[in-house]
Amino acid sequence: APDAPPTPVVRGILAVLTAGTADLAVAEEAAITARLMGIEDVRLIADVGVAGLQRLLSRLDEVREADVVMVVAGMDGALPSVCAGLIDAPVIAVPTSVGYGAAMGGLSPLMATLNSCATGVTVVNIDNGFGATMSAIKMLRAAERLAQKMVA
């Protein structure tokens, strides 16, 4: 609408990673929500799961540029822990219901991310890309407020 107020800009870089292409629907929902909510730089990096760790390592410099990293992963849910061990930014794990056999509709990756021994991992519920995005926004806004206080 022409009279609608502009969406406030949320400063910072949000990287949204997927372990596999099957996780894309949840990741795309998160990335679209992030853009609509005003995050100034949203980067979707797909198919960098631990089944082919070289794919993540080849994009690691780009991932390390992010202020918050959201990791969308089903199956064994290992990617959030791997990422948290390699980067300094907070990691938001989004377990997905993608997977077969013992993935149990996302329960297996949910439990894996909750039990992560890597530091700085926050976990949202299964397929909750929207909730993960809202957490990322709050993290970025808190960082911006802190930066403003340090300048003042």
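In strand 5, Val121 is the bridge partner of Val91, and this pair belongs to a set of three bridges that join strand 4 to strand 5 in the parallel sense. Between these two strands the chain passes through helix 5, and the resulting β-α-β crossover is right-handed. The description that follows concerns a predicted model, and it proceeds from this pair of strands to the sheet, then to the helices that lie against the sheet, and finally to selected residues in the loops.

The sheet is open and consists of five strands, arranged in the order 2-1-3-4-5 with parallel pairing. Its edges are formed by strand 2, which spans residues 39-45, and by strand 5, which spans residues 121-123, each of which pairs on one side only. On average, and with direction ignored, neighbouring strands of this sheet are turned by 20° against each other. Strands of a sheet pair through backbone hydrogen bonds, in either a parallel or an antiparallel arrangement.

Strand 4 is joined to strand 3 by five bridges, and the two strands run parallel; within this pairing, Met70 stands opposite Ile92 of strand 4. Together with helix 4, strand 3 and strand 4 make a right-handed β-α-β unit. Because five of the five residues of strand 4 are buried, this strand is largely enclosed by the rest of the structure. In a regular strand the side chains alternate between the two faces of the sheet. In strand 4 both faces are covered, with Val91, Ala93 and Pro95 buried on one side and Ile92 and Val94 buried on the other.

Strand 1, comprising residues 10-18, pairs with strand 2 in the parallel sense over six bridges. Two of the partnerships between these strands can be named: Ala15 has Arg43 of strand 2 as its bridge partner, while the bridge partner of Leu17 in strand 2 is Ile45. The connection from strand 1 to strand 2 runs through helix 1, residues 24-36, in a β-α-β crossover that is right-handed. Strand 1 also pairs with strand 3, again in the parallel sense, over five bridges, and here Leu17 stands opposite Val71 of strand 3. Strand 1 is mostly covered, in that eight of its nine residues are buried.

Two further helices were examined for their placement relative to the strands. Helix 4, residues 79-86, lies across strand 1, strand 3, strand 4 and strand 5, and runs at about 155° to strand 3. Helix 6, residues 129-151, packs on the sheet and touches strand 1, strand 2, strand 3, strand 4 and strand 5, its direction making about 145° with that of strand 1. With 23 residues, helix 6 reaches 33 Å from its first C-alpha to its last, which is close to the 33 Å expected at 1.5 Å a residue. Residues of helix 6 that are buried include Gly129, Gly131, Ala132, Thr133, Ala136, Ile137 and Leu140. The elements that cover the buried residues of this helix include strand 1, helix 1, strand 2, strand 3 and strand 4.

Among the loop residues, Thr96 is placed between strand 4 and helix 5, the latter spanning residues 107-114. Thr96 has a relative accessibility of 1% and therefore counts as buried, the cut-off for this class being under 20% relative accessible area. Its side chain makes a polar contact of 2.7 Å with the side chain of Asp23, and a polar atom of the Thr96 side chain lies 3.1 Å from the backbone nitrogen of Gly74. When residues up to four places away in sequence are not counted, Thr96 touches Asp23, Val26, Val72, Ala73, Gly74, Gly106, Pro109, Ile126 and Asp127.

Met104 lies in the loop between strand 4 and helix 5. Met104 is exposed, with a relative accessible area of 54%, and has a positive phi of about 50° although it is not a glycine. A positive phi, of about 65°, is also found for Asp47, which is likewise not a glycine. Asp47 is placed in the loop between strand 2 and helix 2, residues 53-57, and counts as partly exposed at 28% relative accessibility.

Conventions
Residues numbered from 1 in each chain as written. Predicted model: local features only at pLDDT ≥ 70, side-chain atom pairs only at ≥ 80, totals over all residues. Heavy atoms only, no water. Pairing = 2+ DSSP bridges. Helix = DSSP H or I, 4+ residues; strand = E, 2+ residues; numbered from the N terminus. Axes fitted to C-alpha atoms, helices over the stretch in contact; angles between N-to-C directions. Contact = heavy atoms within 4.5 Å. Buried < 20%, exposed > 50% of the residue type's maximum accessible area, 1.4 Å probe, protein only. Right-handed = clockwise from strand over helix to strand, strands pointing away. Polar contact = N/O pair within 3.5 Å; in protein donor to acceptor, adjacent residues only side chain to side chain. Expected span 1.5 Å × (residues − 1).
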